[in-house]
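Let's walk through this structure together, beginning with the ligand and the protein atoms around it. Keep the 3D view open as you read.

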Amino acid sequence: MNKHSIFQKIIKKEIQANILYQDKIVTAFDDIYPKAPVHILIIPNNIIKTANDINIKNKSIIAHMFFIAVQIAKEKKISQDGYKIIVNCNKHGGQKIDHLHMHLLGGAKLKALY
Ligand code: AMP
């Protein structure tokens with residue numbers, strides 16, 4: 001399986017994932033290797049490879065991803081204590097899958113990166 005296609009297969013339900021939310025624009029599902037008690041990925045249904053590929057035409061998708069991440073944080077009852085939303089970009093950022101994704105992490109006090 002080509003690593004580019006993993007998230008596309010999850011969107012199309014061709015491989016199993018615990019999908020928490022899906023609409024025409026985004027899909028949100030549990031990260032398979034959670035780094036926190038709550039670790040959810042929010043991805044655009046139409047592939048945007050990296051943050052570098054955000055442009056004037058697709059930038060509203062990012063606002064929707066952020067909005068859905070916050071709605072899920074509220075549903076998971078982690079919003080009051082807080083959470084992190086992380087987007088890794090390319091090699092130095094630690095991006096392993098070439099399909100833009102927001103990590104929503106919470107449910108415990110998380111280490112600061114800086
Ligand atoms: P990144 O390092 O920012 O590219 O994050 C990729 C994330 O995708 C990692 O946290 C992985 O644990 C997660 N991941 C990889 N494959 C799957 C999968 N099949 N289902 C859910 N999450 C996955």
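A polar backbone atom of I97 lies 3.2 Å from an oxygen atom of the ligand, which makes a polar contact (a pair of N or O atoms within 3.5 Å). K96 also has a polar backbone atom 2.6 Å from an oxygen atom of the ligand, and for G94 a backbone N or O atom is 3.0 Å from a ligand oxygen. On its own the ligand exposes 510 Å², and the protein buries 88% of that (accessible areas by the Shrake-Rupley method with a 1.4 Å probe).

Before going on, a word on the model: it is predicted, so local features need pLDDT of at least 70 and side-chain atom pairs count only at pLDDT 80 or more, while totals for chains, interfaces and linings use all residues. Residues are numbered from 1 along each chain as its sequence is written, and side-chain values use heavy atoms, leaving out hydrogens and water.

Which residues are closest to the ligand? They are D31, N88, K96, H101 and H103, among 18 that surround the ligand (one heavy atom within 4 Å). By class, this shell has 8 nonpolar, 6 polar and 4 charged residues; here Asp, Glu, Lys and Arg count as charged, Ala, Val, Leu, Ile, Met, Phe, Trp, Tyr, Cys and Pro as nonpolar, and the others, Gly among them, as polar.

Helix α1 gives the most to the shell, with 3 residues (helices are DSSP runs of H or I, at least four residues; strands are runs of E, at least two).

Definitions and conventions:
Polar contact = N/O pair within 3.5 Å; in protein donor to acceptor, adjacent residues only side chain to side chain.
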